[in-house]
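Here are my notes on this one, point by point. I start with the ligand site and then move on to the empty spaces and the domains.

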Amino acid sequence: MSINIPRGTKDILPGEVEKWQIIEAKAKEISARFNYKEIRTPMFEHTDLFQRGVGDSTDIVQKEMYTFTDRGDRSLTLRPEGTAPVTRSYVENKLFGLAGQPIKLYYIAPMFRYERPQAGRYRQFVQFGIEAMGSADPAIDAEVISLAMSLYKELGLKKLRLVLNTLGDAESRKTHKEALIAHFEPSIGEFCSDCQNRLTKNPLRILDCKKDRDHELMKSAPSIIDHLNEESKVYFEQVKTALTEMNIDYALDPTLVRGLDYYNHTAFEIMSDADGFGAITTLSGGGRYNGLVEDLGGPPTPSIGFAMSLERLLMALEAEGITLDTEDVLDCYVVALGDDAKRKSVSLLNELRQAGIKSDKDYLDKKMKAQFKAADRLKAKFVAILGDEELAKGIINVKNMQSGEQTEVRLEELSSFIKQGK
Ligand code: ATP
Ligand code: MG
């Protein structure tokens with residue numbers, strides 16, 4: 001009986017994997033340009049980290065985590081997101097004590113969520129995310145947004161929409177929360193059981209409900225914008241001004257809330273408006289989370305970040321008809337004819353590779369014609385043909401596949417000849 005891949009996961013095969021390599025390289029290059037450094041944390045963490053760091057009332061913690069008990073009876077969870085682990089690491093390694101604050105970090109790593117698989121929604125997916133920790137300057141909110149937008153734009157995406165909101169500071173959130181409870185409480189019986197649970201714990205998340213989004217009380221719900229205190233208003237204005245000065249367009253949406261509980265002030269999502277992108281239009285989401293580091297045992301550390309999945313980025317590229325240049329070519333293919341030549345081709349190939357030349361040969365004992373076909377399929381720039389006769393004379397025939405020109409080269413000069421021509 002054959003065994004299949006688990007639901008919601010996929011293999012990325014040669015032919016497809018080159019696209020991943022291109023976008024990963026681009027994400028790394030842009031992170032470096034913005035002076036963000038890579039951080040790598042474990043694939044699993046103590047379950048408590050996500051319960052506290054992501055929040056007990058979120059979908060992630062309530063129904064999406066891959067949690068297991070190890071042989072030492074510890075409850076561990078495959079990481080569903082990157083911010084809580086990065087924050088744990090920041091606190092545990094006392095990065096707050098380093099010179100050169102804020103600490104600016106990025107990661108590209110697989111995440112795991114038990115979700116109903118569909119286009120753009122997997123049980124294992126790769127997130128590229130950044131976290132800027134230790135600054136409450138609105139300019140860094142704009143920097144974080146600009147980094148995400150730069151990646152999409154530089155890869156060629158055009159149909160992008162940045163949606164922006166503020167959740168205010170703790171004080172603003174508190175008065176907003178009270179207003180939300182007063183608004184929904186009388187009719188909460190008409191809402192789903194999740195919303196009923198959210199009412200007192202985190203009523204803001206009712207606005208994020210996918211089941212009850214058309215209920216008439218949703219549209220009339222009190223807006224955070226009307227509950228912002230002066231400080232929060234000023235902060236938001238400064239973020240918007242910085243974006244405008246960087247020529248980054250945005251649309252305001254006072255109903256935008258992030259799924260995770262620890263956010264305050266700036267919240268944003270980047271959406272794709274490309275036809276055929278599908279029902280899920282969010283490419284990435286992020287925001288400010290000033291309370292999280294303290295919640296996880298560190299000093300007060302205002303922070304902001306975003307996360308995007310590379311799966312949805314690739315979907316958007318496809319929906320906009322953007323092809324990445326994944327052309328794969330070989331510098332030299334060695335064709336060997338005769339027993340002595342075949343033996344010699346092993347060390348010859350080794351010399352080419354040591355000289356930095358991308359090269360290959362036949363391993364299926366193919367006839368000459370089939371070996372040439374293989375060279376063609378691999379898009380070899382040069383084919384080096386070695387027969388027993390040439391070998392005896394210490395030479396090899398090299399064919400330039402583009403011009404068709406053939407040259408007799410001394411065996412020991414093969415590498416330098418290919419290097420000059422490639
Ligand atoms: P959604 O509302 O789509 O479930 P979310 O609020 O759960 O999104 P976040 O936790 O903010 O998403 O994750 C940030 C980004 O990670 C999303 O914008 C999306 O690009 C991506 N993402 C989230 N869940 C998945 C998934 N199951 N498969 C692929 N990508 C995902
Ligand atoms: Mg989700």
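1. Sorted by class, the shell around ligand 1 comes out as four nonpolar, six polar and six charged residues. In total 16 residues surround the ligand. The closest are Arg113, Glu115, Arg121, Arg258 and Leu283. Keep in mind that this is a predicted model.

2. Two of those arginines make polar contacts with ligand oxygens. Arg113 has a polar side-chain atom 2.8 Å from an oxygen atom of ligand 1. For Arg121, an N or O atom of the side chain sits 2.8 Å from an oxygen atom of the ligand. Tyr122 uses its backbone instead: a polar backbone atom there is 2.9 Å from a nitrogen atom of ligand 1.

3. How much of the accessible area of ligand 1 does the protein cover? On its own the ligand has 580 Å² of accessible area, and the protein covers 89% of that. As for who supplies the shell, strand 6 (124-133), strand 10 (282-288) and strand 11 (303-309) are the elements that give two or more residues. Strand 10 gives the most, with four.

4. On to the cavities. The structure holds two of 30 Å³ or more, and the largest has a volume of about 80 Å³. Its lining consists of Ser57, Asp59, Gln62, Lys63, Asp194, Asn197, Arg198 and Lys201. Helix 3 (59-64) and helix 7 (193-201) are the elements that give two or more residues to this lining, and helix 7 has the largest share, at four residues.

5. Which classes line the largest cavity? There are no nonpolar residues in the lining, just three polar and five charged. If you are setting up protonation states, that list of residues is the one I'd have open on screen.

6. The second largest pocket holds about 270 Å³ of space. It is lined by 16 residues, and those closest to its centre are Ala170, Arg173, Lys174, Lys177 and Asn202. Helix 6 (residues 170-184) gives the most to this lining, with six residues. By class, the pocket lining has seven nonpolar, three polar and six charged residues.

7. Last, the domains. The assignment gives domain 1 as 17-169 + 229-319, and domain 2 as 330-417. Their C-alpha centres lie 50 Å apart.

Conventions: Residues numbered from 1 in each chain as written. Chains lettered and ligands numbered in written order. Predicted model: local features only at pLDDT ≥ 70, side-chain atom pairs only at ≥ 80, totals over all residues. Heavy atoms only, no water. Domains from an automatic or database assignment. 1 Å grid on protein atoms, 1.4 Å probe; cavity = no way out; pocket = protein on both sides within 12 Å on 5 of 7 lines; lining within 4 Å. Points joined across faces, edges and corners; volume = space filled by probe spheres on them. Nonpolar A, V, L, I, M, F, W, Y, C, P; charged D, E, K, R; others polar. Near = heavy atom within 4 Å. Polar contact = N/O pair within 3.5 Å; in protein donor to acceptor, adjacent residues only side chain to side chain. Areas by Shrake-Rupley, 256 points an atom, 1.4 Å probe, with all protein chains shown as cover.
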